[in-house]
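This briefing is meant for someone meeting the structure for the first time. It starts with how the elements are named and then moves through the model topic by topic.

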Amino acid sequence: MPSGRTLLTWVALALLLTGPLAAAAVSPLLQWREPIYIAAGFAGVFGMVLLFLQPLLAASLIPDVKGSVGRRLHRYLGMALIAAIVAHVGGLWVTSPPDVIDALTFRSPTPFAVWGVIAMWAALAAAALALFRIRLGPRVWRAAHSALVLIVVIGTVLHAVLIDGTMEAVSKFVLALAVLGATGLALARKKPWSMLRKRRPHA
């Protein structure tokens, strides 16, 4: 039987994972919107939820989901995150191609679009980097992957906070803080950049 602390952790995780999606489902901003636009919006929310889970899995911070199981789930959810990004951008492209083109070419007058595109490219770069993981070696891989992930997190949080869209305000800010907190905690625990420091020669 799980301990009280473990149970509270799972309850908190469940609320953080389902709360933003449930709040978005009843958003009045979705009224009169096309189904493809709604699907694109929810893909973005789902992607942000995954962004909260990913650092927790990478740093083995979720109870009973550690070791090889956590690493495997981290890889699968990484692929799901890329799929969510593609669905998000693709759905917006269908509903308004000029806006997406302006965003992708950094000509959009809205800052949230710029941060969203920065986060998207960083996420795609992090995924592409995985193809060269063995060649890069563990030290370079972890440092480069962590740097890209940090850009993804900051860009996504700014994108979400600055836009008035599918997400409900309170749940959005709570999830944004959770994403930042989880990422910071994971980086503090894994210390990916410390591995790049050269060892001092013995006197």
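Helices here are DSSP runs of H or I with at least four residues, numbered from the N terminus, and with that naming Trp32 can be placed in the loop between α1 and α2. The model is a predicted one, and the protein averages a pLDDT of 89, with 94% of the residues scoring at least 70. Among the elements of the protein, α5 has the highest mean pLDDT, at 95, whereas α1 has the lowest, at 88.

**The nonpolar core**

- The largest nonpolar core holds 32 residues, and those that touch the most other members are Met48, Phe52, Ile62, Leu175 and Val179.
- At least two residues of this core come from each of α2 (35–58), α3, α5 (111–129), α6 (133–162) and α7 (169–190), and α2 gives the most, with nine residues.
- Ile62, one of the residues named above for touching the most other members, is in contact with Trp10, Leu13, Leu53, Leu56 and Leu57, when residues up to four places away in sequence are not counted.

**The nonpolar surface patch**

- Ile36, Trp93, Val94, Ile101, Leu104, Phe106 and Trp121 make a nonpolar patch of about 640 Å² on the surface.
- Two helices, α3 (67–95) and α4 (97–104), each supply at least two residues of the nonpolar patch.
- Val94 is found in helix α3, and its relative accessible area of 55% is over the 50% cut-off, so Val94 counts as exposed.
- Ile36, another member of the patch, lies in helix α2 and is partly exposed, with a relative accessible area of 33%.
- Leaving aside residues up to four places away in sequence, Ile36 touches Gly91, Val94 and Thr95; the C-alpha atoms of Ile36 and Thr95 are separated by 7.2 Å, although these residues are 59 residues apart along the chain.

**The salt bridge**

- Side chains of opposite charge can pair when their charged atoms come close.
- The count of salt bridges comes to one, and this salt bridge is formed by Asp102 with Arg107, whose closest N and O atoms are 3.7 Å apart.
- The two partners fall into separate classes of exposure, for Asp102 is partly exposed, with a relative accessible area of 26%, while Arg107 is exposed, with a relative accessible area of 56%.

**Contacts made from the helices**

- Thr6 is found in helix α1, which covers residues 4–25, and because its relative accessible area of 18% is under the 20% cut-off, Thr6 is classed as buried.
- The contacts of Thr6, not counting residues up to four places away in sequence, are with Pro63 and Asp64.
- Phe112 lies in helix α5 and counts as partly exposed, at 23% relative accessibility.
- Phe112 touches His159, Leu162 and Ile163, with residues up to four places away in sequence left out, whereas Phe112 and Met48, which are 64 residues apart in sequence, lie 15 Å apart in space, C-alpha to C-alpha.
- Val161 is found in helix α6 and is partly exposed, with a relative accessible area of 29%.
- With residues up to four places away in sequence not counted, Val161 touches Lys172, Phe173 and Ala176; the C-alpha atoms of Val161 and Arg139, 22 residues apart along the chain, are separated by 33 Å.

**Positive phi angles outside glycine**

- Trp32 has a positive phi of about 65 degrees although it is not a glycine.
- At 84% relative accessibility, this loop residue, Trp32, counts as exposed.
- Lys191, which lies in the segment after α7, is also a residue other than glycine with a positive phi, here near 45 degrees.
- The relative accessibility of Lys191 is 48%, and because this value lies between the cut-offs of 20% and 50%, Lys191 counts as partly exposed.

How values were computed
Residues are numbered from 1 along each chain as its sequence is written. This is a predicted model: local features need pLDDT of at least 70, side-chain atom pairs count only at pLDDT 80 or more; totals for chains, interfaces and linings use all residues. Side-chain values use heavy atoms; hydrogens and water are left out. Patches are made of residues with over 30% relative accessible area and no salt bridge: like charges are joined within 9 Å, nonpolar side chains (Val, Leu, Ile, Met, Phe, Trp, Tyr) within 5 Å. Accessible areas come from the Shrake-Rupley method with a 1.4 Å probe; for residues, only the protein chains shown count as cover. A salt bridge is a side-chain nitrogen of Lys or Arg within 4 Å of a carboxyl oxygen of Asp or Glu. Buried means under 20% relative accessible area, exposed over 50%, partly exposed in between (1.4 Å probe, protein chains only). A nonpolar core is a set of buried Ala, Val, Leu, Ile, Met, Phe, Trp, Tyr and Cys residues joined through side-chain atoms within 4.5 Å. Contact means heavy atoms within 4.5 Å. pLDDT is the predictor's confidence in each residue, from 0 to 100.
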